[in-house]
Amino acid sequence: MASNASAASVTTQAKLVLLGDMGAGKSSLVLRFVKGQFHEYQESTIGAAFLTQTVCVDDRTIKFEIWDTAGQERYHSLAPMYYRGAAAAIIVYDIQSQSSFARAKSWVRELQKQGNASLVMALAGNKCDMEEKREVQAEEAEAYAAENGLFFMETSAKAAVNVTELFHEIAVKLPRAPAPTAPGVVLTNQNRAPKNSQCC
Amino acid sequence: MFACCRRADDGGERGGRDDALRARLETNGTFHAPTGRTIATNDVGDAPETSRETTTDAYGFALDPDAVATREATRERREDEYWTRARGETTERTLIEAREARDPALKRATRRGVPMDLRCDAWFAASGARELMRMGPTEGYYEKLLLMRVDEKVVDQIELDLARTFPANARYERDANGVEGNDVLRRLLYAYARHNRKTGYCQGMNYIAAFLWLVMGDEEKAFWTFTALLDVVLPNDVHARDIKGTISQYKILHKLLDVNAPKVAKHLKELDVDLVMIASKWLLCLFVESFPATTAARVLDCITYEGEKVWFRVAIAMMKMYEAEILSCMSLPDVMLCLKHAYANQTDADALLTFAFERVSLANKTIANYRRIVEQKMYDEDLARTTRNP
């Protein structure tokens, strides 16, 4: 705690995981949020990518540690490593694809089964700029989200619609207390640091 | 937050890039793969790497102009005389014969690097692809595969990834003959999905297949080399529907690290780092998405010739070469970024391979032994799980 005394405001680390079908736009949402960029052909993610971004909400500074996972079903067995200890999850589907919406629902069920009550879960209907090819109605997703206690937004990484808002909303909803894993990690590291410099 | 430091013995040019990257990191607080795969401004085709003007390497991957170390270019030019002798119309046959005879000169020459113009023949011969093709189920097997139907879901997944594979590589987009990488990659992946229906398509394969084609330039030979790598050289369940082979490979890697790099292994345990979580692409993409293209090609020279053991050697070598940097990492994300950075900047393939072959001690028997233990444990856990939740 002593190390925090010097800091003007407390920075909370929050592990955030993105889950969803391949091609739903997980990496594009992250790229838009973190770098303000969009690539028409975003490289397919293998395994997972990791990025961070800091947001300020009122008096709090939240550093998101973002795990952007690969969408293909066969990577499923790796998923628990990424959502374990997460403070927030964004479940992404493509509004042009019912099957990606179905996949999103199965992610929601899986996360609910984990029984982490403090997990902030968001449902993002991405590619909302593609209205003419829409398969999933906003009302349908909205109703599903309400039923399951998620918060819902339609987003477009391409048109930069609701991306910052999505992450901001998550930051607002994060409980005041730091995420369960964060303090432990910081503490052990501080203890370990001097040991490294001595060893050889 | 980023605790990865430059090695003391690095050359100045690399240091410059490292510093630039670190500066970028510190300002952004974020990290994006510095794989050099930004938009290439010119297509240099087969131009030698010696030119300081080039912005892409020989395989069409963008290079950071400040980072093109001249010493690498010099090394590329100094070809092992073995290759000079082997070059000619009978290269492929010569290589096959030498391989069958386990010619130590070929092994040595391969470890020093196969010249670019011989890579196609060398990989085709060394990986066992040529035998596979010769013993293939039918004459013209690849052509026949191209005519067969592919499962609709597999089609969708492949189509989704075509344009997302090396999107900034000018040569992949369109090679010197106007052939579009997407078309070739589609055929390669469809053909493999038909050839191996059980595996179908797994993300990661796209990068391997595209890379093989970029290097080899011959579609059918690339297909057979791809097939040999996935079916024979690597455990055949690396890309399986449950990627079980990938999961077991990383468990084996951790066991090997316990012995080969105990300090790193201990540190990884303390930080709760599971390498399959942060670096599954080393295997799923066979390093081609992690190393600079020229280094990845050198590693593949050796993997095709000597087998999957080289994969372990290289992975362990990197952990040992960057031991100090890894030990100074404070958290799991630090380790991930540190390794990503180390791999993306490993332009010195000679240093890597010398380390991997001379300073990593590894026996096939040890790997086989660990594989047996790991697979048995995974089987038992599976069994326990299904018994609990039938």
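Buried means under 20% relative accessible area, exposed means over 50%, and partly exposed is what falls in between. Keep those cut-offs in mind for the views below, which all come from a predicted model.

**View 1. B:Asp272 reaches across to A:Arg84.** Here a salt bridge links B:Asp272 with A:Arg84, and the closest N and O atoms sit 3.1 Å apart. The pair crosses between chains: B:Asp272 is in the loop between helix H15 (262-270) and helix H16 (275-279) of chain B, while A:Arg84 is in the loop between H2 and strand E4 (88-94) of chain A. B:Asp272 counts as partly exposed because its relative accessibility is 48%. A:Arg84, at 51%, makes it into the exposed class.

**View 2. Where chain A meets chain B.** Pull back a little and you see 39 residues of chain A in contact with 50 residues of chain B. Which residues of chain A lose the most area to chain B? They are A:Glu43, A:Ile46 and A:Arg74, together giving 21% of what that side buries. The area buried between the two chains is about 3600 Å², with 56% of that from carbon and sulfur atoms.

**View 3. Polar links between the chains.** The interface of chain A and chain B has two salt bridges. A:Glu73 and B:Lys153 form a salt bridge here, with 3.2 Å between the closest N and O atoms. There are also 13 residue pairs in polar contact between chain A and chain B, counting pairs with both residues at pLDDT 80 or more. On the chain A side, the elements that give two or more residues are helix H1 (26-35), strand E2 (48-57), strand E3 (60-69), helix H2 (79-83) and helix H6 (182-198). Sort that side by class and you get 18 nonpolar, twelve polar and nine charged residues.

**View 4. The two domains of chain B.** Now for chain B by itself, which is divided into domain 1 (16-28 + 239-388) and domain 2 (88-233). How far apart do the C-alpha centres of these two domains lie? The answer is 24 Å. The contact between them takes 25 residues from domain 1 and 28 residues from domain 2. About 2200 Å² of area is buried between the domains, and carbon and sulfur atoms give 67% of it. On the domain 1 side, B:His239, B:Thr304 and B:Tyr305 supply 33% of the area buried against domain 2, more than any other three residues.

**View 5. Helix H18 at the domain boundary.** Between domain 1 and domain 2 of chain B, the count is two salt bridges. Look for B:Asp301 with B:Arg119: they form a salt bridge, and their closest N and O atoms are 2.9 Å apart. Eight residue pairs are in polar contact across this boundary, again with both residues at pLDDT 80 or more. Helix H18 (293-306) and helix H22 (349-358) of chain B are the elements giving two or more residues to the domain 1 side. H18(B) brings the largest share of that side, eleven residues. By class, the domain 1 side has 15 nonpolar, three polar and seven charged residues.

**View 6. A salt bridge along helix H11 of chain B.** B:Arg186 and B:Asp183 form a salt bridge, with the closest N and O atoms 3.2 Å apart. Why are they separated by about one helical turn? Because they are three residues apart in helix H11 (residues 181-195) of chain B. B:Arg186 counts as partly exposed at 25% relative accessibility. B:Asp183 is partly exposed too, with a relative accessible area of 30%.

**View 7. A:Glu131 and A:Arg134.** In chain A, the side chains of A:Glu131 and A:Arg134 meet in a salt bridge (2.8 Å, N to O). Is A:Arg134 buried or exposed? With a relative accessible area of 16%, A:Arg134 is buried. A:Glu131 counts as partly exposed, at 46% relative accessibility. For the whole model, the tally over all chains is 24 salt bridges.

**View 8. A:Val10, just ahead of a strand.** A:Val10 lies in the segment before strand E1 (11-20) of chain A. A:Val10 counts as exposed because its relative accessibility is 53%. Its C-alpha atom is separated by 8.5 Å from that of A:Ile62, although the two residues are 52 residues apart along the chain.

Methods
Residues are numbered from 1 along each chain as its sequence is written. Chains are lettered from A and ligands numbered from 1 in the order in which they are written. This is a predicted model: local features need pLDDT of at least 70, side-chain atom pairs count only at pLDDT 80 or more; totals for chains, interfaces and linings use all residues. Side-chain values use heavy atoms; hydrogens and water are left out. Contact means heavy atoms within 4.5 Å. Buried area is the accessible area (1.4 Å probe) that two parts lose on being put together, summed over both. A salt bridge is a side-chain nitrogen of Lys or Arg within 4 Å of a carboxyl oxygen of Asp or Glu. A polar contact is a pair of N or O atoms within 3.5 Å; within protein, one must be able to donate a hydrogen and the other to accept it, and residues adjacent in sequence count only if both atoms are side-chain atoms. Helices (H or I, at least four residues) and strands (E, at least two) are DSSP runs, numbered from the N terminus. Ala, Val, Leu, Ile, Met, Phe, Trp, Tyr, Cys and Pro count as nonpolar, Asp, Glu, Lys and Arg as charged, and the others, Gly among them, as polar. Domain bounds come from an automatic or database domain assignment. Buried means under 20% relative accessible area, exposed over 50%, partly exposed in between (1.4 Å probe, protein chains only).
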